[in-house]
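Colleague: Got a minute to walk me through this one? I'd like to go over the pockets, the ligand and a few odd residues.

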Amino acid sequence: MNTRERYQAFVKYLQTAPAASKTELIYATPFQLLVAMVLGAQCTDKRVNSCTPLLFARFPTAGHLAKASFNRVLACIKPISYSKKKTRFLIEMAHQLATSFQHKIPSSVAALQTLPGVGRKTANALVAILYNQPIIAVDTHVFRVAKRTGLASCLAKTPLMVEKELMAHLPIQYIPIANRWIVLHGRYICKARKPQCEQCSLTTFCAYYQDNQHEI
Ligand code: SF4
């Protein structure tokens, strides 16, 4: 199966696939989504969601968070990985939002990446969710699933290379749904340690499955 045929099969599947939510993070405002995403780096959404209600209640806006003390913020997010580093990021990010962006979440990937704690994956995800831009955010799940299925080639060695290949091959109208679907697929079916191929709908075109089916 060549790349074109693989993408055609994937898009055909997406046309009937169950709708995937934009994110499993719980938030009420764009600012809260930004905060939750910064906290979500190398941490599960479940753990982030367990901490953010208290954090958002105490610091509902960038203005509140910018003036917060390190220890009060840290107390809210202590169970989250790299909590001290992320506390610093949050306070600096809130300060920058308040002083340089008039308390608004920037709509460009480049501007978002100037904020502490915001890398390309987070910036892309924010722009996709908040501003409905057709752009792929390559997290660990997207990277793994794209590589296993063969949607990304063996030449794509970095998240940016995978992003570029997916963006080049997916029809633009399918980019948002594909991104959300792949994240959830990687989280619950195509898991890092052991992919649950027997529950997967992509076996007809997945390169990993085709190569290993006699062992699965
Ligand atoms: S067939 Fe297996 S390896 Fe391929 S996408 Fe599905 S779960 Fe992942």
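**Working through the model**

Modeller: Let's start with Asp45, which lies in helix 3. Helices are DSSP runs (H or I, at least four residues), numbered from the N terminus. Keep in mind that this is a predicted model: local features need pLDDT of at least 70, side-chain atom pairs count only at pLDDT 80 or more, and totals for chains, interfaces and linings use all residues. Residues are numbered from 1 along each chain as its sequence is written, and side-chain values use heavy atoms, with hydrogens and water left out.

Colleague: Is Asp45 buried or exposed?

Modeller: Asp45 counts as buried because its relative accessibility is 16%. The cut-offs are under 20% relative accessible area for buried, over 50% for exposed and partly exposed in between, with a 1.4 Å probe and protein chains only.

Colleague: What is Asp45 in contact with, leaving aside neighbours within four places in sequence?

Modeller: With those left out, Asp45 has contacts to Glu24, Leu25 and Arg187. Contact means heavy atoms within 4.5 Å.

Colleague: And how far apart in space are Asp45 and Val11?

Modeller: They are 27 Å apart, C-alpha to C-alpha, with their positions 34 residues apart in sequence.

Colleague: OK, pockets. What volume does the largest pocket have?

Modeller: About 770 Å³. A volume here is the space filled by probe spheres set on the grid points, which are joined across faces, edges and corners. The grid has 1 Å spacing over the protein atoms alone; a pocket is an open set of points with protein on both sides within 12 Å along at least five of seven lines, whereas a cavity is a set where a 1.4 Å probe fits but cannot get out, and lining residues have an atom within 4 Å of a point.

Colleague: Which residues lie nearest the centre of the largest pocket?

Modeller: Asp45 again, along with Lys121, Asp139, Val183 and Arg187, out of 32 lining residues. Helix 3 (45-58), helix 8 (120-131), helix 9 and helix 11 (175-188) each give two or more residues to that lining.

Colleague: Which helix gives the most to it?

Modeller: Helix 11, with 7 residues. By class, the lining of the largest pocket has 13 nonpolar, 11 polar and 8 charged residues. For the classes, Ala, Val, Leu, Ile, Met, Phe, Trp, Tyr, Cys and Pro count as nonpolar, Asp, Glu, Lys and Arg as charged, and the others, Gly among them, as polar.

Colleague: Where does the ligand sit?

Modeller: In the largest cavity, meaning that more than half of its atoms lie within 2 Å of the cavity's grid points. The structure holds 1 cavity of 30 Å³ or more, and about 100 Å³ of space lies in the largest cavity. Its lining has 15 residues, and His185, Cys190, Cys197, Cys200 and Cys206 are the closest to the centre.

Colleague: What surrounds the ligand itself?

Modeller: Its shell is Arg148, Thr149, His185, Cys190, Pro195, Cys197, Cys200, Thr203, Cys206, Tyr208 and Tyr209. A residue is in the shell if one of its heavy atoms lies within 4 Å of the ligand. That makes 7 nonpolar, 3 polar and 1 charged residues. Helix 9 (140-149) and helix 12 (207-212) each supply at least two of the shell residues. Helix 9 also gives the most to the cavity lining, with 3 residues.

Colleague: Switching topic: how many residues of helix 2 are buried?

Modeller: 9 of its 10 residues, so "mostly covered" is fair for helix 2 (residues 30-39). Those buried residues pack against helix 3, helix 4 (62-66), helix 5 (70-77), helix 6 and helix 8.

Colleague: Any odd backbone angles?

Modeller: Most residues other than glycine have a negative phi. Tyr82, though not a glycine, has a positive phi of about 55 degrees. Tyr82 is in the loop between helix 5 and helix 6, and is partly exposed with a relative accessible area of 47%. Asn132 also has a positive phi, near 55 degrees.

Colleague: Where is Asn132?

Modeller: In the loop between helix 8 and helix 9. Asn132 is exposed, at a relative accessible area of 57%.

Colleague: And Ser83, buried or exposed?

Modeller: Buried, with a relative accessible area of 11%. Ser83 lies in helix 6 (residues 83-100), and, neighbours within four places in sequence aside, is in contact with Leu74, Ile77 and Lys78.
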